[in-house]
Amino acid sequence: MLRAHALEATGIARAGFTTRQGGASGGPYGSLNLSYAVGDARAAVDRNRRLAAAAVEAEPGRLVEAQQVHGAAAAVVDRGDAGRTVPGADALLTASPDVWLAVHTADCVPLLLLDPIRPAVAAVHAGWRGVAAGMVPSAVARLHAAFGADPARCLAAVGPAIGGCCYEVDRPVAEAMRSAPWWPEAARAASPGKWHLDLRAAVRAQLTAAGLRPERIEVTPGCTRCQPDVFFSYRRERATGRMAACIRLCGRAQRE
């Protein structure tokens, strides 16, 4: 697991991003696939999920997952949601130490958020559709509305994703985004009607626009498509596994 060091340094959260390494799956899902939905053997995924749970010191049965429909809906969950997949959501938020949250990716951007003062956390899935729909500012706003989280004191960890080196988009994708203020920062022309898009740069810009301080945003380097030995990539392989962004509050996290 790639640890979210700034979040974990607070002492009140366990958080990080899995790679494709160190699991029980074989074939195109080798080896730490965490999704049941890609055709992998269930027993292998069960074992892989136990490994991910251990990495954040959680019980596998306390996991809450998002359905991930490439939208902008954020759902608040608590201990009663343990073991659920929340329909229609691409972000999950909680102030409960009795559950842990995960979103799954294989090129899209995974994002973890923490307010360390009034402890609350979020796990966010942001592909291009989610970025265009405002998934990131929606999650920050919902964290504030639900738990009083102040964006200026929140910490963010942006996980492994496809890089601008490999993510080429066409005109319909560009038209959905190019009016955004971050477009010139995140996109560059590749060929007529094509652009290279750095989704993590877009997410970082959206976070700062939502009130997070730039120095409190940690971005994992590298590109999922460029590093087949480390990361799953749907764009590279199509039939492949999924990684997870995982976060939970520790039991000693206390609300104001």
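Helices and strands are DSSP runs, numbered from the N terminus. The structure described here is a predicted model, and this report considers its pockets and one of its sheets.

**Pockets**

Helix α2 (42–55) contributes four residues to the lining of the second largest pocket, the most of any element. Strand β3 also supplies at least two residues of that lining. Among the lining residues are Tyr 36, Arg 42, Asp 46, Arg 49, Arg 50 and Glu 65.

The largest pocket is lined by 31 residues, and those nearest its centre are Gln 68, His 70, Cys 108, His 125 and Arg 242. At least two lining residues come from each of β3 (63–66), β7 (100–105), α3 (128–133), β11 and α8 (234–237). The largest share, three residues, belongs to β11.

The table sets out the two pockets by volume and by class of lining residue.

| Pocket | Volume | Nonpolar | Polar | Charged |
|---|---|---|---|---|
| Largest | about 700 Å³ | 13 residues | nine residues | nine residues |
| Second largest | about 160 Å³ | three residues | three residues | five residues |

**The sheet that contains β11**

Strand β11 also belongs to an open sheet of three strands, ordered β11-β13-β12 and paired antiparallel. Because β11 (168–170) and β12 (187–191) each have a single partner strand, they stand at the edges, and one side of each is left without a neighbour in the sheet. On average, neighbouring strands of this sheet are turned by 40° against each other, direction ignored.

Strands β12 and β13 (residues 194–197) run antiparallel and are joined by four bridges. Within this pair, Ala 187 stands opposite Leu 197 in β13. In general, strands of a sheet pair through backbone hydrogen bonds, either parallel or antiparallel.

Notes:
Residues are numbered from 1 along each chain as its sequence is written. This is a predicted model: local features need pLDDT of at least 70, side-chain atom pairs count only at pLDDT 80 or more; totals for chains, interfaces and linings use all residues. Side-chain values use heavy atoms; hydrogens and water are left out. Two strands pair if DSSP finds at least two bridges between them. Axes are lines fitted to C-alpha atoms, for helices over the stretch in contact, and angles run from 0 to 180 degrees between N-to-C directions. On a 1 Å grid over the protein atoms alone, a cavity is a set of points where a 1.4 Å probe fits but cannot get out, and a pocket is an open set with protein on both sides within 12 Å along at least five of seven lines; lining residues have an atom within 4 Å of a point. Grid points are joined across faces, edges and corners, and a volume is the space filled by probe spheres set on the points. Ala, Val, Leu, Ile, Met, Phe, Trp, Tyr, Cys and Pro count as nonpolar, Asp, Glu, Lys and Arg as charged, and the others, Gly among them, as polar.
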